[in-house]
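Visitor: I would like a close look at a single part of this protein. Please take one helix and walk me through its surroundings, then move on to other spots worth a visit.

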Amino acid sequence: MAEAPPRVYFSLITPVFNPPRHAFEDCVTSVLNQTYTSWQWCLVDDCSTEPWIKHRLAELQALDERIVVHFRTSNGGIAEASNDALGLSLGEFVAFLDHDDVLHHEALEPVHGVLSLRDEIDFLYTDEDKIDQHNTFYEHFAKPKWSPERLLGQNYCSHLSVARTQLVNDVGRFRTGFEGAQDYDLFLRLTERAREIAHLPKTLYHWRAGSGSTALAQNEKPYAHLAAVEAVKSALVR
């Protein structure tokens with residue numbers, strides 16, 4: 001009788017499209033160095049045009065059996081690529097990681113510790129800070145306890161956010177039409193349905209402040225603000 005595959009607790013969800021190479025390598029290192037090891041990394045390339053990316057992703061998949069890569073045949077945008085990554089997920093929980101950001105090397109271990117205490121927790125968020133082009137950490141965000149009112153005015157959960165996979169599927173995953181705020185729209189829908197929401201007050205995620213990123217300035221992506229407004233409107237209708 002064949003052995004059952006090992007249980008996966010976390011699936012990291014990462015859509016990939018032309019990341020800066022040094023930033024992507026920092027992201028890779030932060031995943032491979034996790035002290036908690038029951039993870040799967042679901043990487044979906046959304047038809048990147050940089051030639052090194054396909055080779056590097058294939059190399060990573062061969063390097064570690066926990067890394068699963070899918071190459072899209074057409075560019076569908078971040079929501080579709082993220083949904084493809086969710087389709088590869090085997091974990092009880094999914095954690096969302098951008099292709100140029102960095103996890104603290106102990107990010108998953110304390111998250112697992114909190115989630116394992118209460119079976120009712122369906123959504124968890126941690127504190128975060130930003131990382132600049134010189135790999136300097138700054139602008140630590142000590143987040144408040146769960147506040148549905150604040151979430152309607154700001155996607156303060158942001159990074160690192162972890163959700164029960166079944167709930168992500170139940171609410172319909174990411175929705176196209178909200179690109180730029182697709183995570184905000186998803187978090188609004190998840191927290192409406194979550195049995196319990198937990199805040200872990202530790203800085204476990206470093207958000208890359210690069211050119212074109214809203215980590216650098218909110219006006220870097222005007223369309224993201226418009227999408228966020230639509231996400232809140234949709235939440236209020238519900």
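Guide: What follows starts with one helix and then turns to a strand pair and a few single residues. Keep in mind that this is a predicted model.

Take helix 8, residues 222–237. Check its length before anything else. At 1.5 Å a residue, its 16 residues should span 22 Å. The end C-alpha atoms are 23 Å apart, so the length agrees with the expected span.

Now sort its residues by burial. Ala 224, Ala 227, Ala 228, Ala 231, Val 232, Ser 234 and Ala 235 are the buried ones. They cover an arc of only 160° around the axis, so they sit on the same side of helix 8. The general rule behind such a pattern is simple. An α-helix has 3.6 residues a turn, so residues three or four places apart point the same way.

What do the buried residues of helix 8 pack against? Their partners are helix 5 (148–153) and helix 7 (182–193). Turn to the other side of helix 8. There Pro 222, His 225, Leu 226, Leu 236 and Val 237 are exposed.

Helix 5 leads to another spot. The loop between helix 5 and strand 8 (161–164) holds Leu 160. A cis peptide bond joins His 159 to Leu 160, with omega about -10°.

Next, the strand pair. Strand 2 (residues 39–45) and strand 3 (residues 67–71) run parallel, joined by five bridges. Within this pair, Cys 42 stands opposite Val 68 of strand 3. From strand 2 the chain passes through helix 2 (residues 51–63) to reach strand 3, in a right-handed β-α-β crossover.

Stay with Cys 42. Its relative accessibility is 0%, so Cys 42 counts as buried. The closest cysteine sulfur, in Cys 27, is 13 Å from the sulfur of Cys 42, which is too far for a bond. A search of the whole structure finds zero disulfides. Cys 157 is also buried, with a relative accessible area of 0%.

Cys 47 lies in the loop between strand 2 and helix 2. Cys 47 is partly exposed, at 23% relative accessibility. Its phi is positive, about 60°, although Cys 47 is not a glycine. Glu 139, in strand 7 (residues 137–141), has a positive phi too, near 55°.

One last stop is Asn 83 in helix 3 (residues 78–87). At 17% relative accessibility, Asn 83 counts as buried. Setting aside neighbours within four places in sequence, Asn 83 is in contact with Arg 173 and Phe 174.

Methods:
Residues are numbered from 1 along each chain as its sequence is written. This is a predicted model: local features need pLDDT of at least 70, side-chain atom pairs count only at pLDDT 80 or more; totals for chains, interfaces and linings use all residues. Side-chain values use heavy atoms; hydrogens and water are left out. Helices (H or I, at least four residues) and strands (E, at least two) are DSSP runs, numbered from the N terminus. The expected span of a helix is 1.5 Å times one less than its number of residues. Buried means under 20% relative accessible area, exposed over 50%, partly exposed in between (1.4 Å probe, protein chains only). The arc is that of the directions from the helix axis to the C-beta atoms. Contact means heavy atoms within 4.5 Å. Two strands pair if DSSP finds at least two bridges between them. A crossover is right-handed if, with the strands pointing away from the viewer, the path from the first strand over the helix to the second runs clockwise. A disulfide is a pair of cysteine sulfur atoms within 2.5 Å.
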